[in-house]
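Welcome! Here is a short briefing to read alongside the sequence and the 3D view. Take a moment to look around before starting on the points that follow.

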Protein chains: 2
Amino acid sequence: MISNPLAKHKLTILYGVSLALLLFLLKWLELKLIIVNHAYEAYMGAIAIFFTTLGIWLALKLTKPKTVVVEKPVYINNGPEFTINQTELDKLGLSKRELEVLQLMAEGLSNQEISERLFVSLNTIKTHSAKVFEKMEVKRRTQAVEMAKRLCIIP
Amino acid sequence: MISNPLAKHKLTILYGVSLALLLFLLKWLELKLIIVNHAYEAYMGAIAIFFTTLGIWLALKLTKPKTVVVEKPVYINNGPEFTINQTELDKLGLSKRELEVLQLMAEGLSNQEISERLFVSLNTIKTHSAKVFEKMEVKRRTQAVEMAKRLCIIP
DNA sequence: TCCAAAATCACCCTAAAGTATGAGCTTGAT
DNA sequence: ATCAAGCTCATACTTTAGGGTGATTTTGGA
């Protein structure tokens, strides 16, 4: 909720100032109202309540909210005419080359065949495919293809 | 975090007891060490820290974690109803089990995962998949899936 | 009942896929 | 100019996929 250091400093300053004010208040009470030593319990309670409240307030302010991911179904039509879903493609952040590799994967080509098709080495395709899996958060090429088809990134 | 009333009572009692103990401690200090009035600031600071910490602890213990719901879209293909092409399926001559394996392959599962899904051994899945590739005249699972989708054998 | 097909599983081996890391080169934007 | 991102490639390693063969058990139909 609060993350920038300035805000944290503001809280610290506020804390210090309120502590000082409280001390002044207590001094004043002591001098003016002649609070006897045996009345400790009374304003000790007040102090306890005050700082406990302050602590609670601090805790509530400073705790980071817990995020809960809820999966929300989105239905898409997969009619005969295919139009690539640019939005989803952008979200994945695949590069031009990575998308090319993904498309050839979807055609059922092996890494070796893809490397020959694109005139690069097998290792390069492995690197690209690994990046694709990472960005798509999948483990295998079959999952990547399945997901890409569902997202309408490839026909 | 803690929701049953008994636990809350326990906390309250603990709170009260610790407050009482602190008061006794202060009294004892006052009597035995002769804390002068002007040394207020010192142990007031200690008290402040103690109760602030207590307040923070209480707040963390008693508040339910703040949650922020983040909706994650899950894309589902809900296009025109899929009808399997029985003619093409018959032409291939896939058995019931082989078709099952093919479908799970298309979902991106590994042979290991398929074997666990169907409660059979990994070797059995390998045998089935080999038969599928043979009947479909393909070399790899990715090709088999691509072909099956084109032939409308699987959605 | 008997047989062929289907289903199950095992073993061994090779090929392909995937992981991890590092490094050189290019390019576009600030 | 420089700096991040993309593309390229390599090496070494682990895991998974796939091929070949053989075997046992189930099962549906002639």
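A good place to begin is A:G108, which comes after α4(A) and has a positive phi near 90°. Please keep in mind that this is a predicted model. From that starting point, the briefing moves through the helix, the chain, and then the two DNA strands.

**Around helix α4 of chain A**

- The residues of α4(A) that are buried are A:E98, A:L99, A:V101, A:L102, A:L104, A:M105 and A:A106.
- These buried residues pack against α3 (86-92), α5, α6 and α7 (141-150) of chain A, and also against α7 of chain B.
- As a rule, an α-helix has 3.6 residues a turn, so residues three or four places apart point the same way.
- One of the buried residues, A:L102, has its C-alpha atom 7.4 Å from that of A:S129, although the two are 27 residues apart along the chain.
- A:S129 itself sits in helix α6 of chain A.
- Is A:S129 buried or exposed? It is buried, because its relative accessible area is 5%, and under 20% counts as buried.

**Chain A as a whole**

- Chain A has 7 helices and 1 strand.
- Read from the N terminus, its elements follow the order α-α-β-α-α-α-α-α.
- The chain has 155 residues, and 35% of them are buried.
- Among contacts in chain A with a separation of 6 or more, 60% are between residues 24 or more positions apart.
- The average pLDDT of chain A is 75, and 47% of the residues score at least 70.
- Residues 1-10 of chain A have a pLDDT below 50, and this stretch makes 8 contacts in the model beyond near neighbours in sequence.

**A residue of chain B beside chain A**

- B:Q143 belongs to helix α7 (residues 141-150) of chain B.
- Which residues does B:Q143 contact, leaving aside its neighbours within four places in sequence? They are A:G108 and B:V138, so A:G108, the residue that follows α4(A), turns up here again.
- The side chain of B:Q143 also reaches the backbone nitrogen of B:K139, at 3.1 Å.

**DNA strand D**

- There are 15 residues around DNA strand D, and A:S95, A:S121, A:N123, A:H128 and B:R141 come nearest.
- Of the strand D atoms that come within 4 Å of the protein, 66% belong to sugar and phosphate.
- A:S121 places a backbone N or O atom 2.8 Å from a phosphate oxygen of strand D.
- A:T124 has a polar side-chain atom 2.9 Å from a phosphate oxygen of strand D.
- B:K126 has a polar side-chain atom 3.0 Å from a base oxygen of strand D.
- Which elements each supply at least two residues of the surface near strand D? They are α4 (96-106) and α6 (122-136) of chain A and α6 (122-136) of chain B.
- The largest share, 4 residues, comes from α6(A).
- By type, the surface near strand D has 2 nonpolar, 8 polar and 5 charged residues.

**DNA strand C**

- Around DNA strand C there are 17 residues, with A:K126, A:R141, B:S95, B:S121 and B:H128 coming nearest.
- Sugar and phosphate make up 65% of the strand C atoms that come within 4 Å of the protein.
- A backbone N or O atom of B:S121 is 2.7 Å from a phosphate oxygen of strand C.
- For B:T124, a polar side-chain atom lies 2.9 Å from a phosphate oxygen of strand C.
- B:H128 has a side-chain N or O atom 2.9 Å from a phosphate oxygen of strand C.
- At least two residues of the surface near strand C come from each of α5 (111-117) and α6 of chain A, and α4 (96-106) and α6 of chain B.
- α6(B) gives the largest share of this surface, 4 residues.
- The surface near strand C divides into 2 nonpolar, 9 polar and 6 charged residues.

**Cysteines**

- How many disulfides does the structure hold over all chains? The count is 0.
- A:C152 is buried, with a relative accessible area of 10%.
- B:C152 is partly exposed, with a relative accessible area of 33%.

Methods. Residues are numbered from 1 along each chain as its sequence is written. Chains are lettered from A and ligands numbered from 1 in the order in which they are written. This is a predicted model: local features need pLDDT of at least 70, side-chain atom pairs count only at pLDDT 80 or more; totals for chains, interfaces and linings use all residues. Side-chain values use heavy atoms; hydrogens and water are left out. A residue is near a molecule or strand if one of its heavy atoms lies within 4 Å of it. A polar contact is a pair of N or O atoms within 3.5 Å; within protein, one must be able to donate a hydrogen and the other to accept it, and residues adjacent in sequence count only if both atoms are side-chain atoms. Ala, Val, Leu, Ile, Met, Phe, Trp, Tyr, Cys and Pro count as nonpolar, Asp, Glu, Lys and Arg as charged, and the others, Gly among them, as polar. pLDDT is the predictor's confidence in each residue, from 0 to 100. Contact means heavy atoms within 4.5 Å. A disulfide is a pair of cysteine sulfur atoms within 2.5 Å. Buried means under 20% relative accessible area, exposed over 50%, partly exposed in between (1.4 Å probe, protein chains only).
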